[in-house]
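Hi,

Here is the structure I said I would pass on. Have a look at it first, and my notes follow underneath.

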Amino acid sequence: MHDSRDCPNCRELPDPESMTDEAFYEWLRQCREELQVKQDRFMTHVEQGAYWHYDLEAGTLSIGSQTYRITVIGSHNAEEQTWLWAWANESFPSVVRESSSQIKQIYETTRFEVFRDVGTDASSGDAQDLSSLAIHWLEADGLFRVPTAGPTLYFAVHLSDLQKASVNGDALNEE
């Protein structure tokens with residue numbers, strides 16, 4: 001779970017009661033940059049994956065031979081230009097809605113209603129921004145977008161410690 005007191009991006013935020021639009025957009029800028037770095041690492045790890053499959057009940061995404069834990073963030077309907085948080089989407093299994101419900105806590109930091117409302121009008125850029133804030137909040141390692149016949153699904157991808165070591169080129173010390 002995200003602890004904003006220990007987070008270098010969040011601990012400098014103003015009191016939620018006084019968060020200005022400018023402070024929010026600065027935090028969003030930092031989260032965008034953070035996601036870009038994470039996404040670059042994640043993509044080098046999965047670029048050889050020839051196929052992918054997700055299992056919402058299990059909370060997993062498989063790319064090639066690798067399996068990752070996911071938290072569903074939400075869905076974006078490009079035709080209607082709307083966003084629906086996963087925690088509010090009744091078509092998702094309850095386990096998905098429960099795991100994504102921690103995203104609602106962003107409201108406590110920002111006091112922006114968009115994090116408490118079930119959905120909002122949103123462009124694809126807005127969906128990306130909401131996802132970058134969620135990726136930060138969930139301490140996830142990457143973003144995976146799933147185009148469907150309907151809305152595009154947005155997943156926060158969580159690497160295991162072993163996968164993180166592989167992405168970073170580190171060796172795990174076994175003692």
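Let me start with an arginine: R29 is partly exposed, with a relative accessible area of 33%. Keep in mind that this is a predicted model.

What does R29 pair with? Its side chain meets that of E33 in a salt bridge, at 2.5 Å from N to O. The two sit four residues apart in helix α1 (residues 21–46), which puts about one helical turn between them. E33 is partly exposed as well, with a relative accessibility of 46%. The pair is also part of something wider, since E26, R29 and E33 are linked in a network of salt bridges.

How many salt bridges are there in the whole structure? The search turned up six. As a general point, side chains of opposite charge can pair when their charged atoms come close.

Another one in α1 joins E34 and K38, with 2.8 Å from N to O. Here too the partners are four residues apart in the helix, so about one helical turn separates them. K38 counts as buried, at 16% relative accessibility, because the cut-off for buried is under 20%.

The salt bridge I would look at next leaves the helix: R32 and D129 meet through their side chains at 2.7 Å, N to O. R32 belongs to α1 and D129 to helix α4 (residues 124–138), so this pair ties together parts that are 97 residues apart in sequence. Are the two partners buried or exposed? D129 is buried, at 16% relative accessibility, while R32 is partly exposed at 40%.

That brings us to how the two helices pack. The axes of α1 and α4 are 8 Å apart and make an angle of about 75°, so the helices are roughly perpendicular to each other. On the α1 side the contact includes F24, W27, L28, C31 and L35, along with R32, E34 and K38. From α4 come Q128, D129, S132, L133, I135, H136 and W137. By type, the residues of this contact are eight nonpolar, three polar and four charged.

Now for the inside. The largest nonpolar core has 28 residues, and I73, W83, W85 and F115 have the most contacts within it. Two or more residues each come from α1, β4 (82–85), α3, α4 and β7 (152–158). Which element gives the most? That is α4, with seven residues. In soluble globular proteins, nonpolar side chains tend to be buried together.

W85 is a good place to centre your view. Not counting residues up to four places away in sequence, W85 touches I73, G74, I103, V114, F115, D117, V118, G119 and L130. Apart from the largest core there is another one, of 17 residues, with F42, Y68, I70 and F92 among them.

Last, a loop residue. R116 is found between α3 (106–110) and β5 (119–121), and is partly exposed at 45% relative accessibility. What does R116 contact beyond its neighbours within four places in sequence? The answer is W87 and Y107. R116 also lies 8.9 Å from I103, C-alpha to C-alpha, with their positions 13 residues apart in sequence.

If you only open one view, try the α1 and α4 contact, where R32 and D129 form their salt bridge.

Cheers

Technical notes
Residues numbered from 1 in each chain as written. Predicted model: local features only at pLDDT ≥ 70, side-chain atom pairs only at ≥ 80, totals over all residues. Heavy atoms only, no water. Salt bridge = Lys/Arg side-chain N within 4 Å of Asp/Glu carboxyl O. Buried < 20%, exposed > 50% of the residue type's maximum accessible area, 1.4 Å probe, protein only. Contact = heavy atoms within 4.5 Å. Axes fitted to C-alpha atoms, helices over the stretch in contact; angles between N-to-C directions. Parallel < 35°, antiparallel > 145°, perpendicular 65-115°, else oblique. Nonpolar A, V, L, I, M, F, W, Y, C, P; charged D, E, K, R; others polar. Core = buried A, V, L, I, M, F, W, Y, C linked by side-chain atoms within 4.5 Å.
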